[in-house]
Amino acid sequence: RRGDRIYVTGTLGGSLAGKHLTFEPRLEEGLWLRESGWANAMIDISDGLATDLRHILDMSGAGAEIEAAAIPISREARAARRNRTPLEQALFDGEDFELLFTVSPDKQKAFESSWQDSFKLPCTPIGFITGQGRRVILREADGARHLLPDGGFEHFKSMKKT
């Protein structure tokens with residue numbers, strides 16, 4: 001819903017450095033979010049934040065604005081010496097297996113307090129839902145805003161047609 005706050009659990013990026021081999025499924029957290037009614041929409045991040053956020057947006061017909069500085073980047077992504085920056089890895093790498101979900105703005109403070117009382121796992125607000133259909137705007141630390149390109153992990157991208 002327009003105005004909902006967007007959250008992610010844990011840290012993002014680093015699957016290309018092997019982080020995906022040691023993940024912990026967020027089953028308890030996902031069940032808690034569903035049963036408590038906090039989340040309006042939720043998906044696990046398996047294809048990259050940018051792609052999986054668009055899955056939520058496709059289903060809702062909404063858009064999103066996310067803050068680059070708020071995205072929790074894993075130490076694996078920060079340490080990796082790849083062709084992508086740590087932020088790009090957090091946005092586009094697949095297999096993070098963290099939760100991406102939205103919470104109504106009027107429930108934000110109560111939700112954050114309840115989360116902290118229930119879990120040690122970090123849960124970070126990274127942006128909000130807009131009315132701009134499927135568009136994801138990335139706001140940089142200096143305030144610059146630009147359209148986030150598609151580019152998450154695609155399972156069958158390298159397969160040739162036969």
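These notebook entries record what I looked up in a predicted model.

**Entry 1: the largest nonpolar core**

I began with the nonpolar cores. The largest has 26 residues, and within it Leu49, Ile66, Ile71 and Leu91 touch the most other members. I then looked up which elements supply this core. At least two residues each come from strands E1 (5-9), E3 (63-67), E5 (123-130) and E6 (136-139), and likewise from helices H2 (49-60) and H4 (86-92). H2 gives the largest share, five residues.

I next took leucine 91 and listed its contacts, leaving aside residues up to four places away in sequence. Leucine 91 touches Gly48, Leu49, Ala50, Ile66, Ile71, Leu138 and Leu148. Three of the names in that list, Leu49, Ile66 and Ile71, I had already noted with Leu91 as touching the most other core members.

I also noted a second core, separate from this one, with 12 residues; Tyr7, Leu99, Phe111 and Leu121 are among them. For context, I recall that nonpolar side chains in soluble globular proteins tend to be buried together.

**Entry 2: helix H2**

I turned to H2 on account of its place in the core. The helix has 12 residues, and its first and last C-alpha atoms are 17 Å apart, close to the 16 Å expected at 1.5 Å a residue. I looked up its buried residues and found Leu49, Ala50, Thr51, Asp52, Leu53, Arg54, Ile56 and Leu57. The list thus includes Thr51, Asp52 and Arg54 beside leucines, an alanine and an isoleucine. Glycine 61, just after H2, has a positive phi of about 70 degrees.

**Entry 3: aromatic residues around tryptophan 32**

How many aromatic pairs are there? I have the count as 11. I followed two of the pairs, both with tryptophan 32 as a partner.

With phenylalanine 111, tryptophan 32 forms a tilted pair, 6.2 Å centre to centre and with 40 degrees between the planes. This pair joins distant parts of the chain: tryptophan 32 is in helix H1 (residues 27-36) and phenylalanine 111 in helix H5 (residues 108-118), 79 residues apart. Both tryptophan 32 and phenylalanine 111 are buried.

With phenylalanine 119, tryptophan 32 forms an edge-to-face pair, 5.2 Å centre to centre and with 85 degrees between the planes. Here too distant parts of the chain are linked, as phenylalanine 119 is in the loop between H5 and E5, 87 residues from tryptophan 32. I class phenylalanine 119 as buried because its relative accessibility is 11%, under the 20% limit.

I found that one aromatic cluster takes in Tyr7, Trp32, Trp38, Phe101, Phe111, Trp115 and Phe119. Of these, Tyr7 and Phe111 also appear in the second core.

**Entry 4: the loop between H4 and E4**

Is aspartate 96 buried or exposed? With a relative accessibility of 3%, aspartate 96 counts as buried. The residue is in the loop between H4 and strand E4 (98-103). A polar atom of its side chain lies 2.9 Å from the backbone nitrogen of glycine 13. Leaving aside residues up to four places away in sequence, I list Thr11, Leu12, Gly13, Lys19, Ile45 and Ala90 as touching aspartate 96.

Glutamate 95 is in the loop between H4 and E4 as well. Its phi is positive, about 65 degrees, although the residue is not a glycine. At 28% relative accessibility, glutamate 95 counts as partly exposed.

**Entry 5: arginine 134**

I closed with arginine 134, in the loop between E5 and E6. Its phi is near 60 degrees, a positive value in a residue other than glycine. Arginine 134 counts as partly exposed, at 37% relative accessibility.

Technical notes. Residues are numbered from 1 along each chain as its sequence is written. This is a predicted model: local features need pLDDT of at least 70, side-chain atom pairs count only at pLDDT 80 or more; totals for chains, interfaces and linings use all residues. Side-chain values use heavy atoms; hydrogens and water are left out. A nonpolar core is a set of buried Ala, Val, Leu, Ile, Met, Phe, Trp, Tyr and Cys residues joined through side-chain atoms within 4.5 Å. Buried means under 20% relative accessible area, exposed over 50%, partly exposed in between (1.4 Å probe, protein chains only). Helices (H or I, at least four residues) and strands (E, at least two) are DSSP runs, numbered from the N terminus. Contact means heavy atoms within 4.5 Å. The expected span of a helix is 1.5 Å times one less than its number of residues. Rings of Phe, Tyr and Trp (its six-membered ring) pair if their centres lie within 6.5 Å; planes under 30 degrees apart count as stacked, over 60 as edge-to-face and the rest as tilted. A polar contact is a pair of N or O atoms within 3.5 Å; within protein, one must be able to donate a hydrogen and the other to accept it, and residues adjacent in sequence count only if both atoms are side-chain atoms.
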